[in-house]
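Work through the following exercises with the sequence and the model open side by side. Each task is followed by a solution that proceeds in steps.

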Amino acid sequence: MELFDVYSLFDLVPEKARGCKVWDNKGNEYLDLYGGHAVISIGHTHPRYVAALKDQLDKIGFYSNSVVNPLQSRLAKRIGEVSGYPEYFLFLDNSGAESNENAVKLASFHTGKDRMIAFRKSFHGRTSGAVALTDNPRIVSPFNANHKVTFCELNDLEAVERELSVGDVSAVIIEGIQGCGGINVPSEGFLKGLRELTERYGACLILDEVQSGYGRTGRFFAHQWDGIRPDIITMGKGIANGFPCGGILISPRFKAVKGMLGTTFGGNYLAMAAANAVIDIIDDEKLVDNALNVGNHLLENIPSSPRIKEVRGRGMMIGIEFNEDVSSLRRTLLFEKHIFTGVAGSNMVRLLAPLCLSIEEADTFINALKDIL
Ligand SMILES: Cc1ncc(COP(=O)(O)O)c(C=O)c1O
């Protein structure tokens, strides 16, 4: 049997990793500014994280959500404390897409309505509802396209109000910073405007922080830059540093009803051991502050060049938009300079480094980019 061939692969076999470094099976060392697509938050193979998972595996690996699991309550308490949302509730699942599914489902149960507003260039995942909320027709099958979703332009409050005023909208869903759509930061006042409008028209506000959350932008959640409090916040990626895990934070105004949400694997012991270690390490090692400082250093020092159109983003979520296709530049970065980067569209190099990136490591990238340009 062969693998179903849906991924474009670099010809490279990572074999081990530590912090922001990765080594391939030939012993070559790479600097990781991609973090396995924004997943590595505390750095690869952090000793406390590894010990927590090994220790848990020796005790109990899995039981269902029909028994008390104190690791789940501990995680809820710690995320509440570290994120600034102690009064919210936590529901645990397995991925970013599943978190968004649960968020829109909960909003729809709550409001009794079925239409959602999402934004142009959004990405919310590949499961049925999440992909329907994603503005990319190439990944939406006819089966997924039947959900009631209206796309508005990012930053267009008037368009959102026109849709909300119809009265059938359950929720507005927006990324804290658009990731796959090209590191688009909502313009100042836009999230505040969404908060006011959703309150006025009785719709929920869902912040997809799957990529922009968990410290990546130099605040625990990207929307905290705008001083708003959404009704539901969705999480994934960095929450367990690569162990599959997702979750949603839910405002106290939602009422839990037995059975309304559920999952077999969500909140399992191993994911909880990983996620508890991650939140403690983020807190103890002040990784959110580090993401901000090193991110600012990158933003200030990425060289200007006629080949670069714009540099934008926050913390460890930075897009360098070129005036050209970046595939050959990324290959040079990877195979000659030994630096992993991400991409968004054809012209943007996307940096999604672990939150523990050091100034020296950032300088390695800046110097490599200067050389190439
Ligand atoms: C903003 C956003 N939401 C949701 C997802 C989907 O997450 P997952 O691939 O874990 O389902 C992603 C993944 O890239 C994302 O960037």
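**Exercise 1.** In this predicted model, locate G27 and decide whether G27 is buried or exposed.

*Solution.* Begin with the chain: G27 sits in the loop that runs between β2 (21-24) and β3 (29-32). Next, count the neighbours, of which there are 8 other C-beta atoms within 10 Å. Since a residue with 12 or fewer such neighbours is classed as exposed, G27 is exposed because its count is 8. As a last step, relate G27 to K16, which is 11 residues apart from it along the chain, and read off a C-alpha separation of 9.2 Å.

**Exercise 2.** Describe how the protein is divided into domains, and characterise the side of domain 1 that touches domain 2.

*Solution.* First set the bounds: domain 1 comprises 14-46 + 286-372, while domain 2 spans 48-284. The centres of the two domains, taken over C-alpha atoms, lie 25 Å apart, and their contact draws 26 residues from domain 1 and 27 residues from domain 2. Then assign the domain 1 side to its elements, where α1 (35-38), α9 (287-301), β11 (308-314), β12 (317-322) and β15 (348-351) each contribute at least two residues. Of these, α9 provides the largest share, five residues. Finally, sort that side by class, which gives 14 nonpolar, nine polar and three charged residues.

**Exercise 3.** Which residues are closest to the ligand, and how many surround it?

*Solution.* The shell around the ligand holds 14 residues, with G96, A97, G125, V210 and Q211 the closest. Tracing the shell to its elements, one finds that helix α4 (residues 96-111) supplies the largest share, three residues. Sorted by class, the shell contains four nonpolar, eight polar and two charged residues.

How values were computed: Residues numbered from 1 in each chain as written. Predicted model: local features only at pLDDT ≥ 70, side-chain atom pairs only at ≥ 80, totals over all residues. Near = placed C-beta within 6 Å. Helix = DSSP H or I, 4+ residues; strand = E, 2+ residues; numbered from the N terminus. Nonpolar A, V, L, I, M, F, W, Y, C, P; charged D, E, K, R; others polar. Buried ≥ 20, exposed ≤ 12 C-beta atoms within 10 Å, placed from the backbone. Domains from an automatic or database assignment. Contact = placed C-beta atoms within 7 Å.
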